[in-house]
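Biologist: Please take me closely through a single part of this model, the packing of one helix pair and whatever surrounds it, and set it against the surface and the overall fold.

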Amino acid sequence: MSPRLQRVTTTSAWLMHLIESPELVRTVQALPGPTFSALVRSIGVEDAGELLALATTDQLVDAFDEDLFTNRRPGQRETFDPARFVVWLEVLLDAGEAQAAQRFTQLSFDFVVQAVLD
């Protein structure tokens with residue numbers, strides 16, 4: 001089995017286990033930030049709406065840090081990717097405007113200003 005297929009199978013199995021867990025919210029929220037970010041990355045932000053809805057603010061911030069701030073070359077300063085932020089915003093809005101607004105109130109003021117102005 002190819003490593004990519006094995007990763008998908010492993011991720012799929014883990015997700016099925018997670019979804020079937022009676023303590024889903026607690027299980028998701030107990031994930032360390034880097035683990036949560038890796039899970040979102042493996043699923044794809046566009047398909048991770050349910051997980052994002054369950055995430056803690058710290059988990060979201062970790063995922064934002066990994067996905068929204070990138071550098072084109074090693075050693076180059078990281079820059080905010082506003083187009084990618086729009087994807088995140090659309091996924092968060094799928095859970096409802098009120099929940100998305102609540103999420104934004106929990107984020108740092110500086111981050112929200114940067115995200116909106118970029």
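Modeller: I will start at the surface, where Phe 109, Val 113, Val 116 and Leu 117 form a nonpolar patch with about 450 Å² of accessible area together. Patches of this kind join nonpolar side chains (Val, Leu, Ile, Met, Phe, Trp, Tyr) within 5 Å, and like charges within 9 Å, taking residues with over 30% relative accessible area and no salt bridge. The areas come from the Shrake-Rupley method with a 1.4 Å probe, and for residues only the protein chains shown count as cover. Leu 117 belongs to helix H8 (residues 109-117), and with a relative accessible area of 68% it is exposed; exposed means over 50%, buried under 20%, and partly exposed in between, with a 1.4 Å probe and protein chains only.

The model is predicted, and local features therefore need pLDDT of at least 70, side-chain atom pairs count only at pLDDT 80 or more, and totals for chains, interfaces and linings use all residues. Residues are numbered from 1 along each chain as its sequence is written, and side-chain values use heavy atoms, with hydrogens and water left out.

As for the overall fold, the protein has 8 helices and 2 strands, in the order α-α-α-α-α-β-β-α-α-α from the N terminus. Helices (H or I, at least four residues) and strands (E, at least two) are DSSP runs numbered from the N terminus. Of its 118 residues, 32% count as buried, while the exposed surface comes to about 7800 Å², with 55% of it supplied by carbon and sulfur atoms. Of the contacts with a separation of 6 or more, 60% are between residues 24 or more positions apart, where contact means heavy atoms within 4.5 Å.

Now to the helix pair itself. Two packed helices are described by the angle between their axes and the distance between the axes. Helix H5 (residues 57-68) and helix H6 (residues 82-94) have axes that come within 10 Å and cross at roughly 150°; the axes are lines fitted to C-alpha atoms, for helices over the stretch in contact, and the angles run from 0 to 180 degrees between N-to-C directions. The crossing of H5 and H6 is right-handed, the near helix being turned clockwise from the far one by less than a right angle, whereas anticlockwise would make it left-handed. At this interface Leu 60, Ala 63, Phe 64, Asp 67 and Leu 68 of H5 meet Arg 84, Phe 85, Trp 88 and Leu 92 of H6.

Charged side chains take part here too. The salt bridges number 4, each defined as a side-chain nitrogen of Lys or Arg within 4 Å of a carboxyl oxygen of Asp or Glu. One of them joins Glu 46 to Arg 84 at 3.6 Å, N to O; Glu 46 lies in the loop between helix H3 (33-43) and helix H4 (49-54) and Arg 84 in helix H6, so the pair ties together parts that are 38 residues apart in sequence. Arg 84, partly exposed at a relative accessible area of 22%, also forms a salt bridge with Asp 67, at 2.6 Å, N to O. Asp 67 is in helix H5 and Arg 84 in helix H6, so this pair links parts 17 residues apart in sequence. Through their shared partners, the salt bridges join Glu 46, Asp 67 and Arg 84 into one network.

Beside this network, the loop between H3 and H4 also holds Val 45, which is buried at a relative accessible area of 3%. Leaving aside neighbours within four places in sequence, Val 45 is in contact with Val 40, Leu 52, Asp 67, Arg 84, Val 87, Trp 88 and Val 91. The C-alpha atoms of Val 45 and Val 91, 46 residues apart along the chain, are separated by 7.4 Å. Val 40, in helix H3, is buried at 2% relative accessible area, and beyond four places in sequence it contacts Val 45, Ala 48, Leu 52 and Trp 88.

Leu 60 of H5 has a further partner in Arg 103, which touches Leu 52, Ala 53, Leu 54, Ala 55, Thr 56, Thr 57 and Leu 60, not counting residues up to four places away in sequence. Arg 103 lies in helix H7 (residues 97-106) and is buried, with a relative accessible area of 9%.
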